[in-house]
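Here's a quick tour of a protein model and the ligand it holds. Have a look at the picture first, then read on.

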Amino acid sequence: MFSKIFGKKQNKQKTLLGRETVLANKELLPCHIAIIMDGNGRWAKKRALPRIAGHHEGMKVVRKVARIADDLGGIKVLTLYAFSTENWKRPKNEVEYLMSLPEKFLSSFLPELMERNIKVIMMGNKDGLPKHTQNVLNDAIEKTKNNTGLILNFAMNYGSRDEIVHAMKVILTNVNDGKLSIDEVDEFTVNQYLMTSALPEPDLLIRTSGEVRLSNFMLWQLAYTEFWFTETLWPDFDEPTFLEAIHAYQKRNRRYGGLKGEGKN
Ligand code: V07
């Protein structure tokens, strides 16, 4: 499927990247990385394991990736698509298991998050989550709220169209109440009504497991983001793969619609 889009894969031997490769260009590290962590179910199926085994393995990778992002320094935000508004359609037992993962993750990892000065935040419709999940999320958000290092932003019960519709409703209400005038509504204002208003826009989007679409993820925020796709399934996503994505980003020439570095005199 990839060959259809990017041409035949060359049989070139990939050299595994080390941290020094991306740290050689520290000023070009992406400030905000967003990841669609796909392929957990497929990883499990390949091993004749239940899907939830794939999700559990995927959770361990979240921990590893957060550590690497933190160790590199310079990465300010890591946004992870943990649960979408569409994921409720999955079998009940799978949804229940997914809703227990924040608890599993935080019960073992919260002390390390504190040591590392990592701040946990979330975006999405928190009210739609089971109470026990809300409680552990609120607890982690509260305990890490004064941390000043890496921001770990979990998209939970998140859908980009939902987010935009909600923003529109609040904007319209404010216009209706005379708190905002229509003339004031511009890109900057719309941005202020999104769940990411306090964050920089993602510089790099990674999606694993060979799917090449956005699936209702940060549609507004990804307008100028560099995309990087890999066939690697999320539970197999490792440090060299993460560094490869960052290195690919560093080699790109971002234009923002202009002609930066395009020989404009
Ligand atoms: C989930 C593991 C990663 C692959 C994608 C789906 C399964 C970590 C969390 C999490 C969320 C919030 C939080 C701390 C940890 C998580 C869900 C699924 C629903 F504050 N991994 N992970 N949440 N998966």
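The notes below cover the ligand's surroundings and then the sheet.

Keep in mind that this is a predicted model. There's a ligand with 17 residues around it, and there's an open sheet built from six strands.

**Around the ligand**

- Five of the 17 residues around the ligand come nearest: Met-59, Leu-98, Phe-105, Leu-137 and Phe-154.
- On its own, the ligand has 510 Å² of accessible area, and the protein covers 98% of that.
- If you rank the pockets, the ligand takes up the space of the second largest one.
- The shell around the ligand has 14 nonpolar residues and three polar ones, with no charged residues at all.

**Who supplies the shell**

- Four elements each chip in at least two shell residues: the helices α4 (51–72) and α5 (92–115), plus the strands β2 (77–84) and β4 (151–158).
- The top contributor is α5, which gives five residues to the shell.

**The sheet**

- Read across the sheet, the strands go β3-β4-β2-β1-β5-β6, and their pairing is parallel.
- The edges belong to β3 (119–123) and β6 (226–229); each has just a single partner strand, so one side of each is left without a neighbour in the sheet.
- On average, neighbouring strands here are turned by 20° against each other, ignoring direction.

**Zooming in on one pair**

- β1 (residues 32–36) lines up with β2 in the parallel sense, and the two share five bridges.
- Want a spot to find in the picture? Look for Ile-36, which stands opposite Tyr-81 in β2.
- As a general reminder, strands of a sheet pair through backbone hydrogen bonds, either parallel or antiparallel.

How values were computed: Residues are numbered from 1 along each chain as its sequence is written. This is a predicted model: local features need pLDDT of at least 70, side-chain atom pairs count only at pLDDT 80 or more; totals for chains, interfaces and linings use all residues. Side-chain values use heavy atoms; hydrogens and water are left out. A residue is near a molecule or strand if one of its heavy atoms lies within 4 Å of it. Accessible areas come from the Shrake-Rupley method with a 1.4 Å probe; for residues, only the protein chains shown count as cover. On a 1 Å grid over the protein atoms alone, a cavity is a set of points where a 1.4 Å probe fits but cannot get out, and a pocket is an open set with protein on both sides within 12 Å along at least five of seven lines; lining residues have an atom within 4 Å of a point. A molecule sits in a cavity or pocket if more than half of its atoms lie within 2 Å of its grid points. Ala, Val, Leu, Ile, Met, Phe, Trp, Tyr, Cys and Pro count as nonpolar, Asp, Glu, Lys and Arg as charged, and the others, Gly among them, as polar. Two strands pair if DSSP finds at least two bridges between them. Axes are lines fitted to C-alpha atoms, for helices over the stretch in contact, and angles run from 0 to 180 degrees between N-to-C directions.
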